[in-house]
Amino acid sequence: MELTFAHWLYAFVTLAVITTMLFRKGVVLPTLLGTLLVAWVYSGSMIGGLKAVFNANLVAAKELFSIFLIITFMVALLKSLKDLGSDQKMIAPIQRIMVNGHVAFLVLIGITFVISLFFWPTPAIPLICALLVPAAIRAGLPAMGAAMAVAMAGQGMALSSDYIMQVAPMLSAKAAGVSTEVVATKAFVMSLFTGVTALSIIYLMIRKDIKKPSEVKNDVSEHVSAYNLQLELETASQVSATTEKYISDKELNVWGKVFAVLVPLSMLAVMLYMFSTKLGGKAVALEGGDGAAFVGGVAIVLLVLASLAFARMHALDKISDYITEGFVFAFRAMGPVIPIAGFFFLGSGDFAGGILSLADDALKPAFLFDLVQAAQSTIPQNGFLTAFGILIIGIITGLDGSGFSGLPLTGALAGALHQGTGIEPTTLAAIGQMGAIWTGGGTIIAWSSLVAVAGFCGVPVLDLARKNFLPVITGLFLATFLAILIW
């Protein structure tokens with residue numbers, strides 16, 4: 001397709017978005033204005049531009065709403081478990097395993113990774129830091145080592161792969177026009193390799209600082225102790241208030257224990273079944289949206305049971321509160337992604353027709369793909385340059401502290417740049433996803449959710465980000481090199 005002024009305007013806005021991210025500013029405003037201007041110029045009508053900027057957000061919302069739902073129900077379930085006290089009971093036995101700092105380091109990684117896979121690190125980190133980090137420090141693990149382990153396993157490995165909820169792979173895959181399942185699988189492998197590499201380097205960094213339990217003498221950080229005291233007081237007051245209205249303390253304890261066993265077993269069964277469908281060659285494999293729907297369905301059933309156990313007849317009202325809290329969290333976390341995704345969906349021929357209100361038989365523009373195709377002769381046909389270029393762009397997009405806002409861009413670039421490189425677009429999409437989320441998700445920049453990890457563990461966030469930088473960048477570059485070799 002011949003390039004038009006609208007194509008060049010789309011390219012200019014894309015560069016403006018990347019530049020804005022470099023300065024650590026939000027990109028919602030430039031993407032909204034960019035969508036309006038590109039559509040206005042292409043249609044030759046301001047009315048058409050105004051319609052398109054709304055349609056772009058509507059199309060993006062339709063495509064991504066399943067993501068909002070899975071986040072909503074998983075967070076709602078976690079809220080219901082907190083009321084029952086099951087969240088603390090699930091983790092309490094693990095504290096006994098931390099016999100020394102070395103074991104505590106591994107336990108923190110494993111537990112944070114598993115819980116964050118199902119509930120996302122943002123709602124899970126306070127629970128982990130409140131209950132496990134003090135025990136790990138008493139076992140001899142330095143507070144900085146605990147913070148690094150939690151950040152790598154949660155905001156790094158679990159969030160970058162997002163293998164269970166598959167929010168990130170769906171964003172990447174939709175923008176690239178490829179299979180969510182394949183992107184999710186490749187991202188999972190890359191996240192593990194990146195994480196193992198980074199954590200190995202971290203262990204070598206902190207090994208000399210790990211003390212024997214007898215040398216620690218409960219020398220837990222004042223910040224951690226103060227936080228836990230506050231948490232205990234808040235929890236006690238909440239339990240006191242809620243049990244008077246809904247359930248007795250004795251019943252609360254019983255149901256708390258029941259769901260502390262039921263929920264982990266249910267999630268373990270979900271994970272095993274999902275893996276069996278991928279490895280066992282079953283006719284109906286749980287892929288992409290189907291996998292997320294399965295996890296969400298199990299979460300809904302558990303949410304209903306937990307609500308009934310806690311609130312009895314009041315469950316009719318209480319479950320609405322849980323779901324509302326879940327939706328609020330989902331829109332806070334993912335809301336800004338909608339206008340950003342809308343702009344990059346405009347660059348895809350699969351969505352441009354609906355955004356621009358074009359007839360079914362009309363020629364659909366694919367602004368981003370047309371630009372790449374036109375520049376194909378000047379772009380080096382080198383798989384290494386393309387892969388590492390998308391990794392660096394992903395890292396740049398993560399500088400806004402989100403991690404997810406850059407996925408529509410890296411996904412779209414993966415779909416556009418793969419031709420002639422010998423690398424599949426699914427691989428490039430997974431590489432971009434790694435760069436964006438390991439950076440913006442909260443491992444190496446201080447203005448991300450890394451602040452929460454640092455605060456809960458009682459360490460300076462700038463020191464934590466600085467110590468994480470070399471291990472994470474090393475892991476990302478080695479994982480990208482590995483992806484190029486094996487895929």
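In this predicted model, Ser307 sits in helix H14, which covers residues 289-311. Its relative accessibility is just 1%, so Ser307 counts as buried, the cut-off being under 20%. Setting aside neighbours within four places in sequence, Ser307 is in contact with Arg312, Ala315, Ile319 and Tyr322.

Ala315 and Ile319 bring in helix H15, which runs over 315-334. A loop links helix H15 to helix H16 (337-346), and Gly335 is found in that loop. Once neighbours within four places in sequence are left out, Gly335 is in contact with Phe68 and Ala330. There is also a long-range pairing here: Gly335 and Ser405 are 70 residues apart along the chain, yet their C-alpha atoms are separated by 9.7 Å.

Turning to helix H3, Leu81 lies in this element. With 0% relative accessibility, Leu81 is classed as buried, because the limit is under 20%. What does Leu81 touch, leaving aside its neighbours within four places in sequence? The list is Ser86, Asp87, Met90, Phe259 and Val263. Of these partners, Val263 is 182 residues away from Leu81 in sequence, while the C-alpha to C-alpha distance is 9.0 Å.

The largest nonpolar core holds 157 residues, and the members that touch the most others are Ile71, Leu108 and Phe404. Helix H3, spanning residues 46-84, supplies the largest share of this core, at 16 residues. As for Ile71, its contacts, not counting residues up to four places away in sequence, are Trp120, Met165, Val167, Phe329, Ala330 and Met334. Ala330 thus turns up twice, as a contact of Ile71 and as a contact of Gly335.

Val167, one of the residues touched by Ile71, also belongs to helix H9. Why can H9 be called largely enclosed by the rest of the structure? The helix covers residues 167-176, and nine of its 10 residues are buried, so the surrounding structure largely encloses it. The buried set is made up of Val167, Ala168, Pro169, Met170, Leu171, Ser172, Ala173, Ala175 and Ala176. Right after H9 comes Gly177, with a positive phi near 70°.

Further along the chain, helix H21 (residues 425-443) packs with helix H23 (residues 461-486). Their axes are 11 Å apart and make an angle of about 175°. Angles over 145 degrees count as roughly antiparallel, so this label fits H21 and H23. On the H21 side, the contact is made by Thr427, Ile431, Met434, Gly435, Trp438 and Thr443. H23 contributes Ala465, Asn468, Val472, Leu476, Thr480 and Ala483. How do the residues of this contact divide between nonpolar, polar and charged? Seven are nonpolar and five are polar, with no charged residue in the contact of H21 with H23.

Zooming out, the protein chain has 23 helices and zero strands. Of its 487 residues, 55% count as buried. Among contacts between residues at least 6 apart in sequence, 78% join residues at least 24 apart. As for the outside, the protein chain exposes about 20,000 Å², and 67% of that area is supplied by carbon and sulfur atoms.

Note on methods
Residues numbered from 1 in each chain as written. Predicted model: local features only at pLDDT ≥ 70, side-chain atom pairs only at ≥ 80, totals over all residues. Heavy atoms only, no water. Buried < 20%, exposed > 50% of the residue type's maximum accessible area, 1.4 Å probe, protein only. Helix = DSSP H or I, 4+ residues; strand = E, 2+ residues; numbered from the N terminus. Core = buried A, V, L, I, M, F, W, Y, C linked by side-chain atoms within 4.5 Å. Contact = heavy atoms within 4.5 Å. Axes fitted to C-alpha atoms, helices over the stretch in contact; angles between N-to-C directions. Parallel < 35°, antiparallel > 145°, perpendicular 65-115°, else oblique. Nonpolar A, V, L, I, M, F, W, Y, C, P; charged D, E, K, R; others polar. Areas by Shrake-Rupley, 256 points an atom, 1.4 Å probe, with all protein chains shown as cover.
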